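Please open the model in a viewer with the sequence panel visible. The stops below are given in the order in which they may be selected.

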Amino acid sequence: MSEHDLPLSPSPLATENHCSPDLPEGWLRVNSLDMDAQGIARRPDGKVVFIEGALPFEVVSVQVGRKKSSFEHGIVTEIHHESSQRVRPGCPHFGLHTGSCGGCKMQHLEVSAQVAIKQRVLEDNLWHLGKVKAETMLRPIEGPTWGYRYRARLSVRYVIKKGEVLIGFHERKSRYIADMKVCPVLPPHVSRMLLPLRALISQMEARETLPQLELACGDEVTALVLRHLEPLSEGDKTLLRAFAAEQNVQWWLQPKGPDTVQLLDEGGPQLSYGLPDFGITMPFRPTDFTQVNPFINRVLVSRALRLLNAQKHERVIDWFCGLGNFTLPIATQAGEVLGIEGAETLVARSRDNHARNQVSRPQGQALAPTQFVARNLFDMTPEMLVADGTADKWLVDPPREGAFALSKALAELNENRDLRQGWTPPQRIVYVSCNPATLARDADILVHRAGYRCVNAGVINMFAHTAHVESMAVFELA
């Protein structure tokens with residue numbers, strides 16, 4: 001599930017929603033937003049109404065499209081009193097009109113208010129799902145709100161009846177592709193490329209069998225991965241090469257699954273991004289998981305390491321280490337590092353990235369001894385945890401599913417100390433999350449069973465204008 005497909009939540013973020021009997025019949029006062037950026041109001045009888053396009057403190061009229069016994073869903077039809085936080089959307093394809101793009105949810109809301117809502121989501125999840133309250137809330141991590149999306153998966157469709165190609169995100173609540181001519185959240189040079197890309201694919205012989213285009217921007221290279229269901233002709237490859245030369249992009253072809261992705265033509269510069277605060281360069285393949293927003297990622301890594309505060313005499317484990325986005329920076333500060341990831345292929349890539357960066361380090365600034373191992377992190381046991389050895393500190397950066405098995409194994413070692421065999425728990429855990437619900441679930445285990453305090457928590461506005469909530473929490477052994 002992507003950040004554009006968050007489920008509708010029938011539970012409001014604010015619990016104090018009051019109907020307004022003084023309003024004209026049919027008008028509603030919006031009290032809060034839900035996790036899908038829908039306004040929440042109550043009818044005089046107390047029934048909850050979720051309203052697309054409405055913001056807190058607005059008075060609106062609504063066209064109801066879906067009714068249940070306890071709630072309704074509708075679309076705002078008229079705003080009688082407008083919120084001071086409402087702004088003009090920055091994209092012509094955003095809105096409630098027919099054919100509008102479903103990629104963003106919050107362009108009509110001022111950015112600082114978006115961040116405040118996400119902070120509220122994090123706090124509510126921690127408390128209501130985990131019964132945990134952070135001792136200190138961290139200042140939100142923010143960055144550019146336009147042109148930030150360096151990773152994107154765009155759908156492609158040749159519309160035979162119209163004789164044209166569409167490339168973009170899906171329409172709001174639809175399986176159809178939005179007729180996107182620009183996309184301000186993509187890098188400007190990529191947004192300008194949308195119409196030329198449509199023209200390119202419309203000329204290709206394979207235009208009816210090209211379902212997807214994936215974007216991956218590095219610091220110097222823009223890579224485009226073209227999914228093709230049938231082999232491409234030499235004529236189509238010639239068209240791709242001409243486009244690459246004109247637009248300064250690198251084509252990769254994907255005939256089947258992600259493991260089949262390969263360059264159209266070998267050679268050329270390598271796709272990579274930098275973490276300049278640590279002197280690290282991270283090569284990656286266009287289908288690898290890397291953070292969508294490189295501006296935020298640099299700040300995120302720096303803050304995580306500052307909170308981790310690894311020392312030269314300490315051993316640190318980086319769980320769900322991926323390509324080493326946190327592991328390699330940790331290796332500039334700690335005495336020993338272990339990176340653990342689920343896939344052996346990623347582990348091999350992490351080792352290669354460590355070796356490449358070790359060679360390029362200035363004299364006297366070598367990376368700490370670092371090992372990478374493959375482990376099924378969704379099937380962790382106390383015995384596996386003990387086998388990986390004692391570490392002074394942990395960094396945990398799981399996918400949306402969270403780190404339930406890892407947290408549970410740690411809790412069991414706290415509750416049954418006979419299992420430890422000399423093993424000791426980490427003094428500090430920095431947990432980076434892309435799902436506040438699973439973070440809250442794991443925080444419940446860490447605080448109420450594993451013996452930790454939640455000392456810090458805060459949001460990361462990785463995906464501006466969307467309802468996606470990234471966050472970070474710090475746990476210390478009580």
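Select Pro 382, which is found in helix 8 (residues 382-387); helices (H or I, at least four residues) and strands (E, at least two) are DSSP runs, numbered from the N terminus. At 8% relative accessibility, Pro 382 counts as buried, where buried means under 20% relative accessible area, exposed over 50%, and partly exposed in between (1.4 Å probe, protein chains only). Leaving aside neighbours within four places in sequence, Pro 382 is in contact (heavy atoms within 4.5 Å) with Ala 409, Glu 412, Leu 413 and Leu 419. For a distance across the model, add Phe 284: Pro 382 and Phe 284 are 98 residues apart in sequence and 33 Å apart in space, C-alpha to C-alpha.

Two notes on provenance apply throughout. This is a predicted model, in which local features need pLDDT of at least 70 and side-chain atom pairs count only at pLDDT 80 or more, while totals for chains, interfaces and linings use all residues. Residues are numbered from 1 along each chain as its sequence is written, and side-chain values use heavy atoms, with hydrogens and water left out.

**The sheet**

Next, display the strands in the order 6-20-21-19-18-15-16-17: these eight form an open sheet of mixed pairing. Two strands pair if DSSP finds at least two bridges between them. Which strands stand at the edges? Strand 6 (136-137) and strand 17 (370-374) do; each has a single partner strand, so one side of each is left without a neighbour in the sheet. At the strand 6 end, two bridges join strand 6 to strand 20, and the two run parallel. Met 137 has Ala 457 in strand 20 as its bridge partner.

Move to strand 19 (residues 428-433), where six of six residues are buried. Arg 428, Val 430 and Val 432 point one way from strand 19, whereas Ile 429, Tyr 431 and Ser 433 point the other way, and all are buried. Colour Val 430 to follow the pairing of strand 19 with two other strands. Strand 18 (residues 393-396) pairs with strand 19 in the parallel sense over four bridges, and Leu 395 stands opposite Val 430. Strand 21 (residues 470-477) runs antiparallel to strand 19, with six bridges joining them; in strand 21, Val 474 is the bridge partner of Val 430.

Now add helix 9 (residues 404-415), which makes a right-handed β-α-β unit with strand 18 and strand 19. A crossover is right-handed if, with the strands pointing away from the viewer, the path from the first strand over the helix to the second runs clockwise. In the loop between helix 9 and strand 19, select Gln 421. Its phi is near 55 degrees, a positive value in a residue other than glycine, and Gln 421 is exposed, with a relative accessible area of 70%.

**Two helices**

Select helix 10 (residues 436-448), which has 13 residues and reaches 18 Å from its first C-alpha to its last, close to the 18 Å expected at 1.5 Å a residue; the expected span is 1.5 Å times one less than the number of residues. Buried residues in helix 10 include Leu 439, Ala 443 and Leu 446. The elements covering the buried residues of helix 10 include helix 1 (111-130), helix 9, strand 19, strand 20 (452-460) and strand 21.

For a second helix, go to helix 3 (residues 194-203), where Leu 194, Leu 197, Arg 198, Leu 200 and Ile 201 are buried. Seen down the axis of helix 3, these buried residues fall within an arc of 160 degrees, so they line one face of the helix; the arc is that of the directions from the helix axis to the C-beta atoms. An α-helix has 3.6 residues a turn, so residues three or four places apart point the same way.

**Cysteines and loops**

Show the cysteine sulfur atoms. With a disulfide defined as a pair of cysteine sulfur atoms within 2.5 Å, the count comes to zero. Cys 434 is in no disulfide, and the nearest cysteine sulfur, that of Cys 321, is 16 Å away. Cys 434 counts as buried at 16% relative accessibility. Cys 454 is likewise in no disulfide; the nearest cysteine sulfur is that of Cys 434, 17 Å away. Cys 454 is buried, with a relative accessible area of 4%.

Finally, select Asn 309, in the loop between helix 5 (294-308) and strand 15 (315-319). Phi of Asn 309 is near 55 degrees, a positive value in a residue other than glycine, and Asn 309 counts as partly exposed at 37% relative accessibility.
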